[in-house]
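Here is a short note for a colleague who is meeting this model for the opening time. Please read it with the structure in view.

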Amino acid sequence: MALLQISEPGESTAPHEHRLAAGIDLGTTNSLVATVRSGEADTLADAENSHLLPSVVRYVDGAAPVVGIAAHEQSAIDPANTIVSVKRLMGRGIVDIKHLGSQLPYEFVETDTAVPRMRTIAGDVSAVQVSAEILKTLKNRAEQTLGGELDGAVITVPAYFDDAQRQATKDAAKLAGLNVLRLLNEPTAAAIAYGLDNDAEGVFAIYDLGGGTFDISILRLNKGVFEVLATAGDSALGGDDMDIVIARWIIEQAGLDENPDPGLSRQLMNLARDAKETLTEQQQTEICLELETDKPWATVLTRGQMNTLIDPLISKTLSPCRRALRDAGVKTDQINDVVMVGGSTRVLQVRERVKDFFAREPLVDIDPDKVVAMGAARQADILVGNKPDDEMLLLDVIPLSLGLETMGGLVEKIIHRNTTIPVARAQEFTTYKDGQGAMSIHVLQGERETVDASRSLARFALRDIPPMVAGAARIRVTFQVDADGLLSVTAQEQTSGVQSSIEVKPSYGLTDTEIETMLRDSMDHAQEDMETRRLREQQVEADRVIEALQAAMAEDADVYMDPDEREQIEQALQALISMRAETDQAGLIKKEIAKLEKACGAYVERRMNASIQKAMSGHSVSEFD
Ligand code: ADP
Ligand code: MG
């Protein structure tokens, strides 16, 4: 999806009012929540100071599900009720899930809806419900840390997620009570965290090696628009596979049975993972195995040995890289930066191989676990409206309203500003003269109400409208803005089908500063515009009341008014006339109108009764039956 770079529309009316927003990385293995505080994005920790929330949910009987570290620790003892890697199931039907293979330890229940459910001790649950538990935990963490309810969140998804998977993610968020500002592609989030969106243009490779998945994305930033050129990956390759090869090595070294029981298997995997992570910091590490029968067994694993073990796995990530580059039509020397994402890119050998492949130092300054959540937080902060006006930002929304000129020099807005693109909106107009054969279409941009206060984008004409009486022609004008911000306007007469159209340049030829000025202008004038309209309305109303009363009094004031009453009414009338002439405040005129209406209430009633009687006199009663 393309992102259009524009200047911040200054949604926050009060600059001091900071709205609470979070970025959420809903990962296969781990999830995180981050927020921007004092201008810096950072992830939030739980009470035990842990930033990563294992994406694991354990359902228990008669209590709320356990989420995170505790659930992860129990996954070995209660696999059937402990859901791991639920992200793989999002938006998937039962058939897709069967394809995922037999390694899933859950019992799937087929339902009449297409959504498969897993049988747990606490009832059947869908992937959306499980994900919602993870999101709820992160939402609570954010709200406790920030001391208030979240106004909105940006949730990241893999670039290759299809509509069903994205919709499922949105559903989970809704279920968790989150207001989703936007779903953001994970690689784009990582690029944003590194501030790559501040460059004018470039091609970037985002290398994301997590626990169980590998994704490579090639992004192109062009005039502030991020475009996903290609994605590739391996949905069954990650840090877990490194753990497996290390565990096998331990089995071999210790002379254990090739197929250890589940308990020992778990122990081996944990040892392997710890060893792998330690070797990121150290040259070697000791591995100690608690065996039930024998005395403890121990050995040393060096970084070099581990590198040899895991190297084939790293090589496996390079073929999707080649594929993505080919699909994107770029060569490695055209890549401006390589961003490292995912816990497994901490492994030094991974960095080394990636550096060799792309022939440049990959970006590793930001914690690869946190980088996606941090980019999402930056985006959330912008979308919720916390940025000062002069900051540049990425938004895939239209920056200013788009509309058409209508009778009287007024603007009819067709697409309002901040509408997410791509978007198409249509409206019907008609002719105002009998036999009108052509209609001129004037496309305008801006927030003001009148043509002369708006910016003219384009003019074109719809001709050959068949002769019809005024108001009979139905001219449908469609505004369409595509994902790149290209506006096209089409006008079509519905009965004859004649049509005409025009295209307008991306970002409508405005620089960011111009957009900003126009927005400031409209906001500066918004109040004024509104007051002018209210004043005009009250002036018109005052004129109507004054005229009507004067006409009535000229006719029959001496008949229906007693002198005292007359004096009061005349005073009120004079007061309204002078107020109408003097003030530019709608409220003051309104007040005088109300006073006058009150003063002449009895008179008006008397007149009305009299006129009814007059109307009835001379008619026989039966006529009114
Ligand atoms: P996901 O995107 O799938 O949710 P993460 O990005 O959180 O996964 O990556 C998890 C993986 O990162 C695990 O395999 C873990 O062992 C690995 N990892 C975390 N820290 C380190 C480290 N210091 N050295 C090597 N691997 C690490
Ligand atoms: Mg991840």
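1. What should the 13 residues of helix 10 span at 1.5 Å a residue, and how far apart are its end C-alpha atoms? Helix 10 (residues 371-383) should span 18 Å, the expected span being 1.5 Å times one less than the number of residues, and its end C-alpha atoms are 18 Å apart, which agrees. Helices here are DSSP runs of H or I with at least four residues, and strands are runs of E with at least two, numbered from the N terminus.

2. The model is predicted, with local features needing pLDDT of at least 70, side-chain atom pairs counting only at pLDDT 80 or more, and totals for chains, interfaces and linings using all residues. Residues are numbered from 1 along each chain as its sequence is written, and side-chain values use heavy atoms, with hydrogens and water left out.

3. Twelve of the 13 residues of helix 10 are buried (under 20% relative accessible area, 1.4 Å probe, protein chains only), so helix 10 is largely enclosed by the rest of the structure. Among them are Val371, Met374, Gln379 and Asp381. Helix 10 is followed by Gly385, whose phi is positive, near 95°.

4. Ser454 lies in the loop between strand 24 (439-445) and strand 25 (455-462), and at 14% relative accessibility it counts as buried. Beyond its neighbours within four places in sequence, Ser454 is in contact (heavy atoms within 4.5 Å) with Val411, Leu444, Gln445 and Arg448.

Key:
Chains are lettered from A and ligands numbered from 1 in the order in which they are written. Buried means under 20% relative accessible area, exposed over 50%, partly exposed in between (1.4 Å probe, protein chains only).
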